[in-house]
Amino acid sequence: QCPAGPGSYLAISSDLGSDRFALGFAAYMPYLEQIHFPVSPTGAEPTRYQVLSMDLRNLALVPALAIRFGDNLRIGLAPGFQFSTGSLSFAEDTALDAGMETVAAAARYNIASGQGIENAKFSVTLGGGVYYRLRNLEMGLSYQSRPLGSTVAGVEIAGGQSTVTLPPLKGGGPLTCGILAGGQSSRCVFGDISYRLPDVFIGGITWHLRPGLELTIMERWVWMHLHDRIDVRLIGPTLEAAGLPQHIVLYRGFHDVFDTRARIAYWWRERVHLGGELRVETSAVDSNAVNAAAVDGFKIEPVALIELRVSRRFWLGAGYGLTIMPAVTVTDSVFNPNAAMTCMASGNDLNACQERLDGKARPTANGTYTSFTQDFGLTLNAKF
């Protein structure tokens, strides 16, 4: 992430003086989720039990190699090195086990790693692609794996800067381990977040209808069903004594996303490249699972594109898109506060506690959700 925006992408490549091999390197964030809600002085935010703020970042550094076979076939490989950091803040209602739901019994959890590269957890990814050209048709297929090689199934965030705030019923204020010399309170909570990221398949075809005019169709299949929960674990010598949970699951329950794009573009006088695109994307969330931390639905996005050839070696491009998502009204939320009491009454029987294990034993998320998104992109290409 840089001042230009969270979608920043930087890449450099070279053909090494021939057309047989090409080497490249890219730095970007393939997965980034940022949500921030205003915090109420009374602690009565309607979003508190799903999320107050979330900033999950995954920085990828990716070398790539492409090899040409014959005149029209290219195969590429791209192993990646991913660095994960983040912060997550939410409220945990400690009274649900007794069948009550009250803001005064809600503890505030803030699990944070810091966003520097020195705070990151490391994992690797594998990617590859095939490109083929047949007369006026260009075809491509690529695959990007989920993160591999970490100590958990997915990515991990080490919350060395985590804090927990006691519920108002228990005095409020930060949870501490005692008083240090000089009268300062010692913070002694360490948190750990783990969640899963998807495999991604992308296929595309471009048809050169006539000189300067081209039609491109792409399909992206994102295996979001792997991301079923965010698992939060905490360690602290005073957590149990304060009656605060040390293992919390936040339900995600995502399923696969299909993203279809159709774009038509035309070179006007060889210096101006004009284009229009329509993107259609399915929802990653069932309508009854929509909540403040996951507002999603069927989406349509028209996009306008332009690219200018400013000189023999430089191209400047820009794009603007507006995502349209109909409002989603939830009346039968999968989040069920009674599930916590049912689990406790059963003596923590696994069958009776399944909703709690899935992270659904939380206050309901019924309501109406809307999303309005504008996208603006700017690219600079230089060729030497």
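Okay, let's start with one pair of residues: Asp259 stands opposite Glu281 in strand 18. Keep in mind that what we're looking at is a predicted model.

So where does that pair sit? Strand 17 and strand 18, the latter covering residues 272–281, are antiparallel partners joined over ten bridges. The hairpin they make has three residues between the strands, and Arg269 there takes a positive phi near 60°. On to another partner of strand 17: strand 14, residues 213–222, is joined to strand 17, residues 257–268, by ten bridges, and these two run antiparallel. If you want a spot to click on, try Met218, which stands opposite Arg261 in strand 17. As a reminder, strands of a sheet pair through backbone hydrogen bonds, either parallel or antiparallel.

Now, back to Asp259, this time for its side chain. Asp259 and Arg279 meet in a salt bridge, at 3.7 Å from N to O. Arg279 lies in strand 18 and Asp259 in strand 17, so this pair ties together parts that are 20 residues apart in sequence. Both Arg279 and Asp259 are buried. And they have company: salt bridges that share partners join Arg220, Asp259, Arg261, Arg279, Glu281, Asp296, Lys299 and Glu301 into one network.

How many salt bridges does the structure hold? There are 22 salt bridges. Let me pick out another one: Arg252 and Glu33, with their closest N and O atoms 2.8 Å apart. Arg252 is in the loop between strand 16 and strand 17, while Glu33 is in strand 2, so that pair ties together parts 219 residues apart in sequence. Are these two buried or exposed? Arg252 is buried, at a relative accessible area of 3%, whereas Glu33 counts as partly exposed because its relative accessibility is 23%. Then there's Arg57 with Asp55, where the closest N and O atoms are 2.9 Å apart, and both of those residues are buried.

Here's a charged residue with another story. Glu307, in strand 19 (residues 299–309), is buried yet has no salt bridge. Which side chain of opposite charge is nearest to Glu307? That would be Arg263, and it is 9.2 Å away. Leaving out residues up to four places away in sequence, Glu307 does touch several others, including Trp267, His273, Trp315 and Asn381.

Let's move to the start of the chain. Strand 1 (residues 9–14) and strand 2 (residues 21–36) run antiparallel, joined by six bridges. Their hairpin has six residues between the strands, with Leu16 at a positive phi near 60°. Strand 2 is also joined to strand 3, residues 53–69, by 14 bridges, again running antiparallel. Ala27 links the two pairings nicely: Ala27 is the bridge partner of Leu10, and Ala27 stands opposite Leu61 in strand 3.

There's also an open sheet of four strands, in the order 10-12-15-16, with antiparallel pairing. Its edge strands are strand 10 (155–159) and strand 16 (247–251), each pairing on one side only. Neighbouring strands in this sheet are turned by 15° against each other on average, direction ignored.

Last stop, the nonpolar side of things. The largest nonpolar core has 47 residues, and Leu88, Tyr109, Val232 and Leu244 have the most contacts inside it. Among the residues Tyr109 touches are Leu88, Ser89, Leu244 and Ile248. Ser89 lies in strand 5 (residues 80–93), and Ser89 counts as buried because its relative accessible area is 13%, under the 20% cut-off. Thanks, everyone!

Terms used: Residues are numbered from 1 along each chain as its sequence is written. This is a predicted model: local features need pLDDT of at least 70, side-chain atom pairs count only at pLDDT 80 or more; totals for chains, interfaces and linings use all residues. Side-chain values use heavy atoms; hydrogens and water are left out. Buried means under 20% relative accessible area, exposed over 50%, partly exposed in between (1.4 Å probe, protein chains only). Lys and Arg count as positive and Asp and Glu as negative; His and the chain ends are not counted. A salt bridge is a side-chain nitrogen of Lys or Arg within 4 Å of a carboxyl oxygen of Asp or Glu. Contact means heavy atoms within 4.5 Å. Two strands pair if DSSP finds at least two bridges between them. Axes are lines fitted to C-alpha atoms, for helices over the stretch in contact, and angles run from 0 to 180 degrees between N-to-C directions. A nonpolar core is a set of buried Ala, Val, Leu, Ile, Met, Phe, Trp, Tyr and Cys residues joined through side-chain atoms within 4.5 Å.
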